[in-house]
Amino acid sequence: MSKIMTVDILSSIKGAKPSESVNQLFDVIRNAHPTNNNSLNNVNINAVSVDDLREDEVVKSSDLERQIIKENFPNEKNGYLVVSKVIED
Amino acid sequence: MESQIKAIHQQLVSKQITCTALVQEKLDLLKQNTHNTVNSLLEESALAAAAKVDAKIAKGEEIGLLEGIPFGIKDVYMVQGTYTTASSDLLKNYKSAYTATAIQKLLDAGAIPLVKENCDSFGHGSSSENTIFGAVKNAVDANLVGGGSSGGSAVNVAKDYTVFSIGGDTGGSIRQPAGYNNIYGLKPTYGRISRYGIMAYASSTDCVGPLAKSIEDIRIVLNVMSGKDGKDQTTYASEAIGEESIATIDGVKTVGYFKNFIESDAIDTTVKADFLAAVEKIKEKGIEVKELDFFKSDTLVSTYYTLAMAETASNLSRLDGTNYGNRIEDKNLKETYAVTRSENFSEETKRRVVGGNQVLSQGFSDAIYLKGLALRDQIAENFEKDFQEVDIILSPVTPAAPPVIGDSLKDPLAMYLSDEYTVGFSLGQLPTLTVPQGTVTGLQITAAKRNEEQVLKFANFLKDTL
């Protein structure tokens, strides 16, 4: 896994390059001096408590929901939903 | 302005108007699309719902306060069977398979959605120009931007095309367009309203909120949408806010404002003078006003955008054209992904996705992403300390008046920096309301977490004071 991946590959966007405007924002962070570099996220706690987890249940989608999901599928042939050719390399 | 919801409710109940006529009138206005606020109209379903309300009234049945009230929805919310495009080429033919929790609650209360509203694509923008449906025009001056990203929602409310609209606010996307169009816009505390069914931009700061012309309408809609939802485990249970409880200023004794916001080089001289004049009027009413220290604007903006880009890169990675979206086939799966995303994402969306992947990549994540998280913690801690000293923080919404259409897209950095007064409160996950008073783009009222009641209370006070 030592292969270096460029941002165009990471982003799946052809010819993508880092933006000068965005890099200027990153430079501000690079030069900032937070009192503690390890975020403990001790202020914005949003995770649900383990005592309050929702029931793990399977809910069957409605017929309408299923129909719309199929309609949204980009390609269909002879009643089959067609996906792209799988990765060959 | 008094509650439009209550006024219309009264007109419906007393049979001064029919719901069908009301809905038809609004649809006719929206159809003209004079300000590019409309992505799609929900004409058929709206008229059918209106007919049901009229039938109920004709039979002498009681109707709820929101029953028959026409509203708009930013085009990032799932509403089953409607086009939900996020103003993007990629999803221009995408239909929602299910309905967002917040919207479902409004539907259950009988409110009638009329329109999916124009916005910056995937919420990526502060002007509603980053859209395939044409730049949203400002309600006050059509040469200016409508603000963003919930620009279509703000303009529809300001022009009375909708009674209220539901926007989304990640870094200011409800508050800034509300300010640009002189209406109210609330970003509630993170977690007060379920995010289930909103197209995710930056999940740690995404908030659902109302835009309306009165504080009372904001209160009514907020109460209906709030609450714990098993489908969004960051939500919490909250009490409904009563009308009486926000009628008086009890409990607000001290107001603070950030000195560096007002001393910033970026602030327009008129905005600064108007803000300070508002502060003086508040003092005259016997409220103590304190100057507070805060982080520099460039730190706030950079922290926000670093984290938001990282999250949006992750959230938008699902948009590859496999199961939905405008797939463009190429020689293999990887190429299909890449061509689909390259051809269908706007320049601004690509900039943010690439920035996010930079932030999250090896070598960058420690130097930038983790540092950004640490800064967010410090910002949030700073707010906690501030709210031990003051009850309310008051700030301008934007440093200047809305820009002319076309100017913001030329300089992305300037656009990011124009969010300097809104992003901090997003990082702090605090309830913040834009009110159309004080400066040309209004004022922001912020209270401690979960204290929307205090925010609305102070808004009522400002309405009578400024």
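In what order do the elements of chain A run from the N terminus on? They run α-α-α-β-β, that is, three helices and two strands. Helices (H or I, at least four residues) and strands (E, at least two) are DSSP runs, numbered from the N terminus.

This is a predicted model, in which local features need pLDDT of at least 70, side-chain atom pairs count only at pLDDT 80 or more, and totals for chains, interfaces and linings use all residues. Residues are numbered from 1 along each chain as its sequence is written, while chains are lettered from A and ligands numbered from 1 in the order in which they are written. The model scores ipTM 0.92 and pTM 0.97. For chain B the mean pLDDT (the predictor's confidence in each residue, from 0 to 100) is 97, and 100% of its residues reach 70 or more.

**Chain A and its contact with chain B**

Chain A has 89 residues, of which 16% are buried. A residue is buried if 20 or more other C-beta atoms lie within 10 Å of its own, exposed if 12 or fewer, and partly exposed in between, with C-beta atoms placed from the backbone.

The contact between the chains takes 47 residues from chain A and 62 residues from chain B. Two residues are in contact if their C-beta atoms, placed from the backbone, lie within 7 Å. On the side of chain A, the elements that give two or more residues are α1 (7-11), α2 (20-30) and α3 (63-72). Of these, α2(A) gives the most, with eight residues. By class, this side has 23 nonpolar, 17 polar and seven charged residues. Here Ala, Val, Leu, Ile, Met, Phe, Trp, Tyr, Cys and Pro count as nonpolar, Asp, Glu, Lys and Arg as charged, and the others, Gly among them, as polar.

**Two helices of chain B**

Two packed helices are described by the angle between their axes and the distance between the axes. In chain B, the axes of α10 (residues 297-315) and α12 (residues 347-360) come within 7 Å and cross at roughly 100°. Axes are lines fitted to C-alpha atoms, for helices over the stretch in contact, and angles run from 0 to 180 degrees between N-to-C directions. The crossing makes α10(B) roughly perpendicular to α12(B); the range for that term is 65 to 115 degrees, with angles under 35 roughly parallel, over 145 roughly antiparallel and the rest oblique. Residues making the contact include B:T306 and B:M309 of α10(B), and B:R352 and B:V353 of α12(B). The contact residues divide into six nonpolar, six polar and one charged.

**Loop residues of chain B**

Most residues other than glycine have a negative phi, and most peptide bonds are trans. Two residues other than glycine have a positive phi, as listed here.

| Residue | Phi | Loop of chain B |
|---|---|---|
| B:N33 | about 45° | between α2 (19-32) and β1 (38-41) |
| B:S128 | near 55° | between β3 and α5 |

B:N33 is partly exposed, with 17 other C-beta atoms within 10 Å, whereas B:S128 counts as buried because it has 37 C-beta neighbours inside 10 Å.

B:S149 is in the loop between β3 (112-117) and α5 (151-158). A cis peptide bond, with omega about 10°, joins B:G148 to B:S149.

B:S238 is in the loop between α7 (215-225) and β7 (254-258) of chain B. B:S238 counts as partly exposed because it has 19 C-beta neighbours inside 10 Å. Leaving aside neighbours within four places in sequence, B:S238 is in contact with B:R192, B:S226, B:G227 and B:R450. The C-alpha atoms of B:S238 and B:K228, 10 residues apart along the chain, are separated by 7.7 Å.
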